[in-house]
Structure formats: structure tokens, C-alpha cells
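Biologist: Hi, I have a new model open and would like to go through it with you. Could you take me around it?

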Amino acid sequence: SKRVPFLVDANYNHDKNGSDTEDKLLMDLSTFLVDTPFVRGCPQTTSTSDLRASIWEYYVEYHALMECPSVLMLVYEDFIGDEEVRKDNIRRLGNFMGVFDDDGVGNNNNNTDNNEELIDRIASMSTKPYMANHMSKFDEPYERAATLNRAADISQLAPGAKVALKTHTQTYNDRAVHFLEEQWRESMGVLGYKDYDSFCVAIRKRNEKLFGY
């Protein structure tokens, strides 16, 4: 079977009468955080070559690039909340990559309409309902990894329901809370960030300073 801890059991969402019920989670959130390498990382040892950086190591690298104008940082939560905020961030990304028509943003011409139409299209195609209806589009990394033999455990990338439309209410247990707080304090607290929210605020201010948006 596929060992993919962030998937739900797609065969469990119907009761004996055929009515929809809550999906069965394959792993609780606290176990996923503390006991799998997806968040905490996996250091390379003499007995394994499965090196994986922790999420906090990535955060530290982002901090090191705060003054680098060739790198754009965006906050994930800004893409999943308010629609206008999502469009603003799509616009930022497009401006940074230079994918819009010349002089098309902020000017009263046809290019502006073309750019806004493209932004609207991207915004609609990056919603969870749209992605859930086009699930096969997200299986490509599995095919590529299988061809190139890039993953030690290819089952982790197996095709499956990677977009969850239902909200699965979960809480962290004491062990997970302690783990998260300790990891943040040791990696990001020493850099002056009280918590994740303060890091996000710093990223948004940094973008305004470097790029004017």
C-alpha cells in the first residue's frame, strides 16, 4: 500500500448505506509533525543517504536571503485566504518573473486588461476545488522521480488524493506543541522572530522595501 501520511483514506468516505461520512485520516497531525521526516527533516548518516532538510532549516535560509533582491518570498497563507489578497500575490509573482505584457500593470492600456484577465484565470485555477477536479496534474513529480530514480521511497510520491476539500479539525498534543515551540526557539527565536506570524510580517515588509509591493 502507499505510505503517504498526509492522505486520507478515500475508501472510507461512505457508510454502509452509501451516505457520505467524514474521511478517515491515515495519520494524526501530531504524529505527522514529530515522527515523520517531512517536517523535522532527516540528517544524513553513515547508514543512510536519505538527507532531508527540516522546515526550520528552510526558514533560516529564507532569513539569510532577506536582503537579496534576486529572491522573492511569498507567504503561503496569502494564497489561500481572501481572493483579492491572493490576486495581489499572483500579481507580485508575475511582476517578479516578468511574465506580464510590457507596461501592462498600473497603466491605462490594453495590456492592463490582458494582465488582469491572466491574473483572474490563475486565481481561479489555483483554488482547491479546481485542483481537486484536476488531480492527475499533480502526479507528474511521481512519474519523473520514478524515471530518474530520485526518491528512496517512491511510494511517498504515489498518485492519490492530494487535495483535501473537507476541513479536518485537529489539535496538537502536548508532545507536538513542545516539539514545535522548541524547534522554533532554537532556530528562529535566536534570529529575533517571536513566532511564525512575526516572520510572515517581516517577509511582507521586506517585499515592500525591495520591490515596492
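Biologist: Let me start with one residue that caught my eye: is aspartate 78 buried or exposed?
Modeller: Please keep in mind that this is a predicted model. In it aspartate 78 counts as buried, because its relative accessibility is 11% and the cut-off for buried is under 20%.

Biologist: And which residue forms a salt bridge with aspartate 78?
Modeller: Its partner is arginine 204, and the closest N and O atoms of the two are 2.9 Å apart. Arginine 204 counts as partly exposed, at 34% relative accessibility.

Biologist: Where do arginine 204 and aspartate 78 lie in the chain?
Modeller: Arginine 204 belongs to helix α9 while aspartate 78 is in the loop between α3 and α4, so the salt bridge ties together parts that are 126 residues apart in sequence.

Biologist: Let me step back, then. How many helices and strands are there in the protein chain?
Modeller: The protein chain has nine helices and two strands. Reading from the N terminus, the order is β-β-α-α-α-α-α-α-α-α-α. Of its 213 residues, 26% count as buried, and the chain exposes about 14,400 Å², with carbon and sulfur atoms supplying 51% of that area.

Biologist: What share of the contacts comes from residues 24 or more positions apart?
Modeller: Among contacts with a separation of 6 or more, such pairs account for 54%.

Biologist: Now the inside. Which residues have the most contacts in the largest nonpolar core?
Modeller: Those are Trp184 and Phe199, in a core of 17 residues. Helices α1 (29-35), α3 (55-64), α8 (174-187) and α9 (196-211) each supply at least two residues of this core. As a general point, nonpolar side chains tend to be buried together in soluble globular proteins.

Biologist: What is tryptophan 184 in contact with, leaving aside its neighbours within four places in sequence?
Modeller: Tryptophan 184 is in contact with Trp56, Tyr59, Gly189, Tyr193, Lys194, Asp195, Tyr196 and Phe199. Several of these names return when we turn to the rings, since ring pairs link Tyr59, Tyr62, Trp184, Tyr193, Tyr196 and Phe199 into a cluster.

Biologist: How many aromatic pairs are there?
Modeller: The count comes to eight aromatic pairs. One of them joins tyrosine 59 and tyrosine 62, a tilted pair with 6.4 Å from centre to centre and 50 degrees between the planes. These two tyrosines are separated by about one helical turn, because they are three residues apart in helix α3. Tyrosine 59 is buried, with a relative accessible area of 15%, whereas tyrosine 62 is partly exposed, with 36%.

Modeller: Tyrosine 59 also forms a tilted pair with tyrosine 196, with 6.2 Å centre to centre and 40 degrees between the planes. This pair links distant parts of the chain, as tyrosine 59 is in helix α3 and tyrosine 196 is in helix α9, 137 residues apart. Tyrosine 196 itself is partly exposed, with a relative accessible area of 28%.

Biologist: Back to charges for a moment: how many salt bridges does a search of the whole structure find?
Modeller: The search finds seven. In one of them the side chains of lysine 87 and glutamate 83 meet at 3.6 Å, N to O. Both residues lie in helix α4, four residues apart, which is about one turn of the helix. Lysine 87 counts as buried, at 13% relative accessibility, while glutamate 83 counts as partly exposed, at 43%.

Biologist: And which residue does arginine 91 form a salt bridge with?
Modeller: Arginine 91 pairs with glutamate 116, and the closest N and O atoms are 2.8 Å apart. Arginine 91 lies in helix α4 and glutamate 116 in helix α5 (residues 110-125), so the pair ties together parts that are 25 residues apart in sequence. Arginine 91 is buried, with a relative accessible area of 18%, and glutamate 116 is partly exposed, with 26%. In addition, salt bridges that share partners join Glu83, Lys87 and Asp120 into one network.

Biologist: Last topic, the surface: which residues form a nonpolar patch there?
Modeller: Leu93, Phe96, Met97 and Val99 form such a patch, with about 340 Å² of accessible area together. Leucine 93 is found in helix α4 (residues 83-97), and leucine 93 counts as partly exposed, at 34% relative accessibility.

Definitions and conventions: Residues numbered from 1 in each chain as written. Predicted model: local features only at pLDDT ≥ 70, side-chain atom pairs only at ≥ 80, totals over all residues. Heavy atoms only, no water. Buried < 20%, exposed > 50% of the residue type's maximum accessible area, 1.4 Å probe, protein only. Contact = heavy atoms within 4.5 Å. Areas by Shrake-Rupley, 256 points an atom, 1.4 Å probe, with all protein chains shown as cover. Patch = residues over 30% accessible without salt bridge, like charges linked within 9 Å, V, L, I, M, F, W, Y side chains within 5 Å. Salt bridge = Lys/Arg side-chain N within 4 Å of Asp/Glu carboxyl O. Core = buried A, V, L, I, M, F, W, Y, C linked by side-chain atoms within 4.5 Å. Phe/Tyr/Trp six-rings, centres within 6.5 Å; stacked < 30°, edge-to-face > 60°.
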